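This report reviews selected features of a single structure, moving from loop residues to enclosed elements and strand pairing. The sequence and the coordinates are shown first.

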Amino acid sequence: MRLTKPFLKLPIRFDSDALAAEVRALPPSAWTPHPTGYVGNEAVRLVTPNGQPTDNIEGPMTPTKYLQSCDYVREIMAEIGGVWGRSRFMGLGAGGEVPAHIDTNYYWRTHLRIHIPVITNPGVMFTCGDETVHMAAGECWIFDSFRWHEVHNKGSEQRIHLVVDTVGGGLLPELMKAAEAGTSKPRLVRPGERSSEGLVFEKVNSPEVMSPWEMRCHLAFIAEQVDSNPLMAAALERVEQFIDSWAATWARFGTDDDGRSNYSQLLQELRRDLTSLGGEQLLLRNELPLFLVLEQLILQMALAESGQRGKTTNGPRPAADRPFKDRLDRPIFIVSTPRSGSTLLYETLEQAPGLYSIGVESHWLIEDVPGLAPAERGWSSNRLTGADATPERAERLAEAFYRQLRDRDGQPADGAVRMLEKTPKNALRVPFFNAIWPDATFIYLYRDARETLYSMMEAWHSGGFRTYPQLPGWGGPPWSLLLVPGWERLNGMQLPQVIAHQWAITTEQLIGDLEQLDEGRVQAIDYQALLSSPQSEMERLAPAVGLSWDRTLGNTLPLSKTTLSQPKPDKWQRIEPVIQSIWPIVEKADGRAKEFFERRRARTAAAA
């Protein structure tokens, strides 16, 4: 749904004292921590899937017992008259904040969020886009969630808003039109003036199989958010081709299960093609990656798990409906510094039978989980630890992974599966993944530091690996590759020095984290060995991580999709004086990496 400006204050008001009385009458047990884990954020669930105590956003929405006890809230909802989705009282503690973020989830693209302040103070400020407002108690607001937005409570007391989500209907279009015109005075709706009978709640909020017509609506919305760019145009053209193929498949199968393999194959091909076109680096005007938005609005939602979308259960879970975290059996994480050849290893190992992957790097998938993106963490870094692995985040991340997993033949995951995952940012996240999956295996990929530094410099100069191009407080070229702890201290340095510190910080952190794990959970492989003897390396590595290997590889592996120039061991010598000038920065970390790799390989060989 579209807004033409960041905020709209609707010409309707409500009695904040009456609302506050209903809030205060709720038991303390009604309040639950926000699923993001943001400090000071909590909520009372009023409308949820099947009225259950969950933060899910898929499934038939019905009132919880807490909404049933709030007569005035139900009167307000009846007065506005929308079709209601997930709704809550949302609390933000004194000094708390909701960090800057954009809502990219499919649910928020199809819904409007209404804020009605119940208890507030002058220190509560809501920023959306380039506007900042204070929402006074009893007022009724909506805002454009596809712009960057954040909330700060600089006051000395908790802020509480009634937050109700709707696809529209009732008086809402009329109220929005009047707000746009600015000609109507706010009308006060007092308690008891409106019956709460006849509230309507949504039953359908996600498709089993998305229609091609809905896809075209989402693509048109995305196309409005882009600037002129040949690569962007090529990516959008590829999506149009995908939708045409989807329409042909839709005409043949509709929502029948017989078409699932065809739909799944189309999705897999599109993901791979978008990756080859640089979809992860192409940015919309609001600085979101094109790939992320396409994933959230179309690719993740286009095809539900057979018979699963929108369902909730109260009793014991059947095996196929157990938590997504538990469906990922002994996941395998490739970890290394950026530009070490991890994509080549990933693309090779994902050919193992019985192994599942999402086929692309997971930057967007991980950072879309609330609380895990650097923008929501004060731009500290990509570092994540066990403290960040809350149960809610773990389950949401596992579900996001699981829904995208495909085996080497393009078949989706079913039941418990082995997952292969890699993105260089995961070099800073080993404790995070270890906390979620204590049975996970980590494959450390070692590459000569001189070769890696050369490749990292290529990446920075290419402009194709910009991860945070508008990094606040950064005075150098657009930030590329992973964001390391202490990056602020690199301001003012020459780019080769920045890259050297980026490599050294990552290496020290990664080796330190891997050394904390049981030896049996860490395997090591050398990049040059992979290039020179791919068959023997895969036949060694696969059994070591609990896989079989039935492929015959040639003497030369195909180039990975992120290759910038032909791999050569001595490429770095082209800039040998530059490498020598920064070597003191990386020397200690390089020695530690070599020692760790050699020790790990020696122990593995002895065990064999």
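## An exposed loop residue

Ala387 has a relative accessibility of 68% and therefore counts as exposed, the threshold for that class being over 50%. The model is a predicted one. Ala387 belongs to the loop that runs between helix H12 (363-367) and helix H13 (391-404).

A long-range separation can also be given for this residue. Ala387 and Arg540 are 153 residues apart along the chain, and their C-alpha atoms are separated by 35 Å.

## Negative charge on the surface

A patch of negative charge on the surface is formed by Glu208, Asp256, Asp257 and Asp258. One of these residues, Asp258, is placed in the loop between helix H7 (230-253) and helix H8 (260-276). Asp258 is classed as exposed because its relative accessibility is 61%, where the class requires over 50%.

## Positive phi outside glycine

Two loop residues combine a positive phi with a residue type other than glycine. For Asn50, phi is about 60 degrees. Asn50 sits in the loop between strand S4 (41-49) and strand S5 (61-63). With a relative accessible area of 32%, Asn50 is partly exposed.

For Leu481, phi is near 65 degrees. The loop that holds Leu481 lies between strand S21 (479-480) and helix H16 (495-514). Leu481 has a relative accessible area of 9% and is therefore buried, the limit for that class being under 20%.

## Enclosed elements

Helix H11 (residues 342-349) has 8 of its 8 residues buried, so the helix is largely enclosed by the rest of the structure. The buried residues of H11 include the polar or charged positions Ser342, Thr343, Glu347 and Thr348. Leu344, Leu345, Tyr346 and Leu349 are also among the buried residues of H11.

Strand S6 (residues 83-92) is likewise largely enclosed by the rest of the structure, because 9 of its 10 residues are buried.

## Partners of strand S6

Which strands pair with S6 in the antiparallel sense? S4 does so over 6 bridges, and strand S13 (residues 159-166) does so over 7 bridges. Between S4 and S6, Val47 stands opposite Ser87. Between S6 and S13, Arg88 stands opposite Val163.

S6 also pairs with strand S15 (residues 200-201), here in the parallel sense and over 2 bridges. Trp84 has Phe201 of S15 as its bridge partner. In general, the strands of a sheet pair through backbone hydrogen bonds, in either a parallel or an antiparallel arrangement.

## A parallel open sheet

How are the strands ordered in the open sheet of 5 strands? The order is S17-S18-S16-S19-S22, and the pairing is parallel. Strand S17 (355-356) and strand S22 (522-526) are the edge strands, each pairing on one side only.

Within this sheet, strand S16 (residues 332-335) and strand S18 (residues 418-422) are joined in the parallel sense over 3 bridges. Ile334 stands opposite Lys422 of S18 in this pairing.

Terms used. Residues are numbered from 1 along each chain as its sequence is written. This is a predicted model: local features need pLDDT of at least 70, side-chain atom pairs count only at pLDDT 80 or more; totals for chains, interfaces and linings use all residues. Side-chain values use heavy atoms; hydrogens and water are left out. Patches are made of residues with over 30% relative accessible area and no salt bridge: like charges are joined within 9 Å, nonpolar side chains (Val, Leu, Ile, Met, Phe, Trp, Tyr) within 5 Å. Accessible areas come from the Shrake-Rupley method with a 1.4 Å probe; for residues, only the protein chains shown count as cover. A salt bridge is a side-chain nitrogen of Lys or Arg within 4 Å of a carboxyl oxygen of Asp or Glu. Lys and Arg count as positive and Asp and Glu as negative; His and the chain ends are not counted. The place of a charge is taken as NZ of Lys, CZ of Arg, CG of Asp or CD of Glu. Helices (H or I, at least four residues) and strands (E, at least two) are DSSP runs, numbered from the N terminus. Buried means under 20% relative accessible area, exposed over 50%, partly exposed in between (1.4 Å probe, protein chains only). Two strands pair if DSSP finds at least two bridges between them.
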